[in-house]
Amino acid sequence: MKILVCVTSVPDTTTKITFTDNNTKLNKAGVTFITGPYDDYALARAVELKEKAGGTVTVLNVGGADAEPVIRKCLAIGADEAIRVNAEPTDAYFVAEQIAAVAKDASYDLILMGRESIDYNGGQVHGIVAELLGLPSISPVMVLNVDGNTAKITREIEGGKEEIEAKLPLVLGCQEPIAEWKIPNMRGIMTARTKPLKVVEPVADEQLTAVSRYELPAPRGTVKMIPANEAEKLIQLLHTEAKVI
Amino acid sequence: MSVLIFVELDEGKLKKSSQEAIFYGAKVAEMTGTTATAIAVGQADESELATAGRFGATKVLHARDTRLNEPNGMAYATVVAAAAQQEGSTVVVLAKSSLADAMTARLAGKLKAGLAANVIELPDLGNGFVVKSSIYTGKAFAYNELKAGIKILAIKKNTITPEETDTTAPVDSFSPALNDSDFVISVKSTEKATGDILLPEADLVVSAGRGMKGPENWGLVEDLAQALHAATACSKPVSDLDWRPHHEHVGQTGIKISPNLYIACGISGAIQHLAGVNSSKVIVVINKDADAPFFKSADYGIVGDVFEVLPRLTAAVKAL
Ligand SMILES: Cc1cc2nc3c(=O)[nH]c(=O)nc-3n(C[C@H](O)[C@H](O)[C@H](O)COP(=O)(O)OP(=O)(O)OC[C@H]3O[C@@H](n4cnc5c(N)ncnc54)[C@H](O)[C@@H]3O)c2cc1C
């Protein structure tokens, strides 16, 4: 089985987000970049499927050279090879086009990625990739098993879940509990250094969207504390002051 | 030329988030000098669809081929793309939902559209077409200029408060060509809680964390939720431990919600949890630890034991 896992390099989940250059750029000073947590689930499941049924796992990132530590970590976790499309991931359509260009003639059985990136939270890339390649897309996938040519999938829906069967090839957006996050071991880290990481140039296209500036949310006012032995007062305040109930 | 709005029904009724989307779409139509058309796909009662008019739609398209009875993101996207073409729509609006999420991307691919997800305000047409959206899981906002000819806006809950009139809209049937390739996925079974308020749709949410000690104590959370007609939610460890189903998990790696009221019981307020709930209008925190970080992001707080405070709140709600 040939699996492509698309990963994002994003600020660690504990990052306090700030901007520079008149609020037009993320302030990267002191920010640790990690593999997108959802992408990490996708990668972990891809490695498990490979270990069970054989095949290869290719990691793909659309990003600058500063994303390479994240890519190396994916190789250390068990991916066999990596491709980096050398471009800033500015817009979901653009990123999807790059992924589709890599995948077009490579006949992957599965193209996996996180249900969404945790920077733009668009959750759109997998669907656009699938549309561009003419493949089905399913997200968010919580369970993925492959039996021959058929994927057996549990997908989360509002207030529940559904069991799905579909023929490969497929594009899937993944989330927990599809697999446990994997931590690279020493041997993995050593071998990752020698695994191939190919850098390719992007396919050019017009820009469909552009961020003109960023903004931080206004801080909340000070918290109003209510003594526990007067808890009922809270309900009164929510009713008469906040007017939400 | 009209603004096209995809609408959904839940248990036969137009979803609240869809009403919001119609009102939003009608406002955009007003700003751009055109009209708003709603489109519904699959089984739906025509008199219910006609209520789209109350929120500003001047027409409703209804695609009801039997193959569309079951929600199917791919096929629905094909239908909506065909409707956008027929109507010459340059703006398509959807309210975020699990079905809409499955459709927006495919639509963007089909129409080569400029897409903004998690939109939280009406567009600014002063200089191009700029929309404000929530990014970094609610930790920041971005102003996105949509440069493509066709624009798709996926709006978050509570982006706009719909005003209602008593106008209804005519419902026309719409039967575009369907693609067989959209029907290759087979859904074997569906498990869905019925009668419950859907978490992403809920105006009021009562949420609880590890401070509840175990699943056997959730009755206290459910009692308050029931009294308030609120949905229930939980922190990640709670769903990891299987105390609650995964679809209740909110936060950075769970569902992102923006209700009018979020009551957090026995949740510490880790940054990953806050990320999914900090766009709630009013946040209440109940925690026995006065130093719990969540108090810094709250509007109202009670330092106290959830086992004592929750029953008192439930009784107070019932007495309102
Ligand atoms: C990559 C990543 C992604 C994550 N994504 C999410 C996410 O999406 N959502 C999420 O929630 N978490 C997420 N987390 C986990 C997060 O960091 C926290 O561990 C988690 O939110 C803590 O859950 P909790 O508040 O229920 O539990 P705890 O942190 O254990 O807090 C329990 C709280 O209950 C209080 N308490 C205990 N007993 C009582 C009582 N009797 N009465 C009142 N209060 C009491 C305690 O004082 C404490 O503050 C993520 C973590 C990582 C690393």
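This is a short exchange between a colleague and a modeller about a predicted model.

Colleague: What should be known before reading the values?

Modeller: The model is predicted, so local features need pLDDT of at least 70 and side-chain atom pairs count only at pLDDT 80 or more, while totals for chains, interfaces and linings use all residues. Residues are numbered from 1 along each chain as its sequence is written, chains are lettered from A and ligands numbered from 1 in the order in which they are written, and side-chain values use heavy atoms, with hydrogens and water left out.

Colleague: How many helices and strands are there in chain B, and what counts as one?

Modeller: Chain B contains eight helices and 17 strands. Both are DSSP runs numbered from the N terminus: H or I over at least four residues for a helix, E over at least two for a strand.

Colleague: How do you know whether the radius of gyration of chain B agrees with that of a compact globule?

Modeller: The rule is 2.2 Å times the number of residues to the power 0.38, and the radius is taken over C-alpha atoms. For 320 residues a compact globule would have a radius near 20 Å; chain B has 21 Å, so the two agree. The C-alpha trace of chain B spans about 60 × 45 × 40 Å along its principal axes.

Colleague: Why is Y136(B) called buried?

Modeller: Buried means under 20% relative accessible area, exposed over 50%, and partly exposed in between, with a 1.4 Å probe and protein chains only. Y136(B) has 8% relative accessibility, so Y136(B) counts as buried. Of the 320 residues of chain B, 59% count as buried.

Colleague: Which sign does the phi of Y136(B) have, and where is this residue?

Modeller: Its phi is positive, about 45°, although Y136(B) is not a glycine. Y136(B) sits in the loop between β8 (130-135) and β9 (140-146) of chain B. Most residues other than glycine have a negative phi, and most peptide bonds are trans.

Colleague: Why is N23(A) called partly exposed?

Modeller: N23(A) is at 35% relative accessibility, so it counts as partly exposed. N23(A) also has a positive phi, about 60°, without being a glycine, and lies in the loop between β3 (19-20) and β4 (25-26) of chain A.

Colleague: Which kind of peptide bond joins L168(A) and P169(A)?

Modeller: That bond is cis, with omega about -5°. P169(A) is in the loop between β11 (160-167) and β12 (170-174) of chain A. Another cis bond runs from E176(A) to P177(A), with omega near -5°, and P177(A) lies in the loop between β12 and α5 (186-192) of chain A.

Colleague: What makes a set of residues a nonpolar core?

Modeller: The members are buried Ala, Val, Leu, Ile, Met, Phe, Trp, Tyr and Cys residues joined through side-chain atoms within 4.5 Å. The largest such core has 55 residues, and those with the most contacts inside it are I99(A), F6(B), I39(B) and L107(B). Helix α3 (residues 73-87) of chain B gives the largest share of this core, eight residues. Another core, of 39 residues, lies apart from it and includes Y38(A) and L168(A).

Colleague: Is A36(B) buried or exposed, and which residues does it touch?

Modeller: With a relative accessible area of 1%, A36(B) is buried. A36(B) belongs to strand β4 (residues 36-41) of chain B. Contact means heavy atoms within 4.5 Å; not counting residues up to four places away in sequence, A36(B) touches, among others, V3(B), I5(B) and A57(B). A36(B) and A57(B) are 21 residues apart in sequence and 4.8 Å apart in space, C-alpha to C-alpha.
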